[in-house]
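Got your viewer open? Load the model, put it in cartoon view, and let's take a walk through it.

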Amino acid sequence: MAKFLKRGIEQAEVAEADAKVRGIVENILEDVEKRGDAAVRELSEKFDKWSPASFRLTEQEIEDAMSRVSKQDLEDIKFAQEQVRKFAQKQKECLRDLEVETMPGVILGHKNIPMNSVGCYVPGGKYPMVASAHMSVATAKVAGVKRIVAAAPPHEGAPHPAIVAAMHLGGADEILVLGGVQAVAAMALGTESMAPVDMLVGPGNMFVAEAKRQLFGRVGIDLFAGPTETLVIADETVDGEICAIDLLGQAEHGPTSPAVLLTTSEKLANDTLKEVERQLQILPTRETARQSWQDYGEVIVCENDEEMLAEAERLAFEHVQVMTKDPDFFLNNLVNYGALFLGPRTNVAFGDKVIGTNHTLPTKRAARYTGGLWVGKFIKTHTYQRILTDEASALIGEYGSRLCMLEGFAGHAEQANVRVRRFGGRDIAPYTAAKAEGNSNS
């Protein structure tokens with residue numbers, strides 16, 4: 001049975017805070033819907049001390065921002081985006097239109113159609129999340145989205161140059177320097193100066209995540225996102241140093257980011273606990289990482305790989321780093337995860353920033369029923385039907401008529417009956433007449 005050497009706080013303790021966030025977000029969305037640009041401007045002034053003539057950057061402003069990005073940073077952004085594009089393009093190639101003749105004269109098919117417009121939110125508060133622009137904007141561009149709006153908050157009183165560069169190079173059609181719930185609300189609901197989008201994507205703080213949750217239905221969203229999560233599955237083939245940094249490297253995201261070690265080695269568990277404390281003395285982001293580790297860090301010792309697998313399925317974490325003798329065991333058997341990182345040579349930071357897979361992933365056990373953001377999220381699969389022959393129309397009509405009446409839908413049945421009469425040559429009476437005469441159409 002799994003043994004906890006360290007436990008995090010119970011999730012019930014955060015429920016009260018979540019309720020407060022819901023109320024705040026609900027009021028902001030209502031305000032933006034009623035007052036549009038005026039509400040957006042007041043909120044931006046209140047939360048970001050930011051009130052430019054226009055939140056949308058001009059071409060000249062974009063050029064000015066990019067001129068402040070170093071040559072090396074621009075090259076690195078371009079490299080990362082190229083990896084994202086390559087993988088997204090290969091994923092898109094897996095999405096094929098389909099047309100098949102399921103029986104003589106009956107043609108069924110589907111078409112994969114990109115969305116018309118998408119709003120991509122890029123966080124820029126404590127950390128300017130440049131990589132989020134690659135993951136959302138560049139992927140939407142590969143999918144063929146016609147209008148891509150990208151928004152990020154100001155950083156130190158100005159547009160963040162690297163974020164603007166990443167948005168522009170990724171293919172954004174409109175760039176907004178606007179943050180928080182007000183940005184998400186403006187993109188989803190529209191205002192006098194901003195046309196609404198059809199879908200919202202991208203990570204954000206608890207307020208942005210809650211805004212996306214409340215707006216779901218009016219617009220599409222990529223997924224319900226919470227604080228980033230990391231699970232390290234390891235055995236004696238690795239050491240405490242690498243396990244500790246793979247845990248703390250994600251714990252630094254924020255004070256509520258769970259980081260969990262699953263291991264079959266009690267020695268590794270204890271070594272990792274010691275290494276975490278050592279690294280927390282020197283890590284530049286130690287204040288945030290320490291709070292996160294203290295409240296949400298866990299160390300669990302299991303009997304074998306099968307028990308680690310069961311615990312991993314229960315947790316259903318966003319990031320799962322596997323460093324064991326046989327990482328393929330988890331690749332072949334684990335089903336509840338956002339993204340897998342196999343072996344000590346890779347890690348979550350590679351996936352977050354540069355390797356090419358998308359870093360917008362399911363949290364809070366959502367991996368039980370969904371994967372993360374990918375090119376297919378921006379593409380809708382629509383079906384179509386065509387009947388080529390009179391015989392096929394009449395045959396489908398006869399079955400359809402009876403099945404409609406099985407459910408009591410006389411109007412539906414009559415749609416079928418008309419086809420039986422016109423294309424099958426059968427003098428089948430409307431169901432209304434049949435019922436009045438006490439007859440059957442069978």
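Below is a short list of stops, with what to select at each one.

**The whole chain**

Keep in mind that you're looking at a predicted model. Zoom out first: the C-alpha trace spans about 90 × 60 × 45 Å along its principal axes. In cartoon view, you can pick out 17 helices and 14 strands. Now colour by accessibility if your viewer does that: of the chain's 442 residues, 50% count as buried.

**Stop one: α5 and α6**

Select residues 130-143 for helix α5 and 161-170 for helix α6. Their axes come within 8 Å and cross at roughly 15 degrees. Are these two roughly parallel or roughly antiparallel? Angles under 35 degrees count as roughly parallel, so α5 and α6 are roughly parallel to each other. As for handedness, α5 passes α6 in a right-handed crossing.

**Stop two: Glu156**

Stay around α6 and select Glu156, in the loop between β5 (147-152) and α6. Check the backbone here: phi is near 55 degrees, a positive value in a residue other than glycine. Is Glu156 buried or exposed? Turn on the surface to see: at 77% relative accessibility, Glu156 counts as exposed.

**Stop three: Ala316**

Next, go to the loop between α12 (305-315) and β12 (319-323) and click on Ala316. Ala316 is another non-glycine residue with a positive phi, near 50 degrees. With the surface on, don't expect to spot Ala316 easily: its relative accessibility is 0%, so it counts as buried. The cut-off for that label is under 20%.

**Stop four: α15 and α16**

Now select 410-424, which is helix α16, and show helix α15 (residues 390-406) with it. How do you describe a pair like this? For two packed helices, you give the angle between their axes and the distance between the axes. Here the angle is about 155 degrees and the axes are 8 Å apart. That makes α15 roughly antiparallel to α16, since angles over 145 degrees get that label. This time the crossing is left-handed, with α15 passing α16.

**Last stop: a nonpolar patch**

Which residues make up the nonpolar surface patch? Select Leu395, Tyr399, Leu403 and Leu406 and show their side chains. Together they have about 450 Å² of accessible area. Finish by centring on Leu406, which sits in α15. Leu406 has a relative accessible area of 68%, so it counts as exposed.

Terms used. Residues are numbered from 1 along each chain as its sequence is written. This is a predicted model: local features need pLDDT of at least 70, side-chain atom pairs count only at pLDDT 80 or more; totals for chains, interfaces and linings use all residues. Side-chain values use heavy atoms; hydrogens and water are left out. Patches are made of residues with over 30% relative accessible area and no salt bridge: like charges are joined within 9 Å, nonpolar side chains (Val, Leu, Ile, Met, Phe, Trp, Tyr) within 5 Å. Accessible areas come from the Shrake-Rupley method with a 1.4 Å probe; for residues, only the protein chains shown count as cover. A salt bridge is a side-chain nitrogen of Lys or Arg within 4 Å of a carboxyl oxygen of Asp or Glu. Helices (H or I, at least four residues) and strands (E, at least two) are DSSP runs, numbered from the N terminus. Buried means under 20% relative accessible area, exposed over 50%, partly exposed in between (1.4 Å probe, protein chains only). Axes are lines fitted to C-alpha atoms, for helices over the stretch in contact, and angles run from 0 to 180 degrees between N-to-C directions. Angles under 35 degrees count as roughly parallel, over 145 as roughly antiparallel, 65 to 115 as roughly perpendicular and the rest as oblique. A crossing is left-handed if the near helix is turned anticlockwise from the far one by less than a right angle, and right-handed if clockwise.
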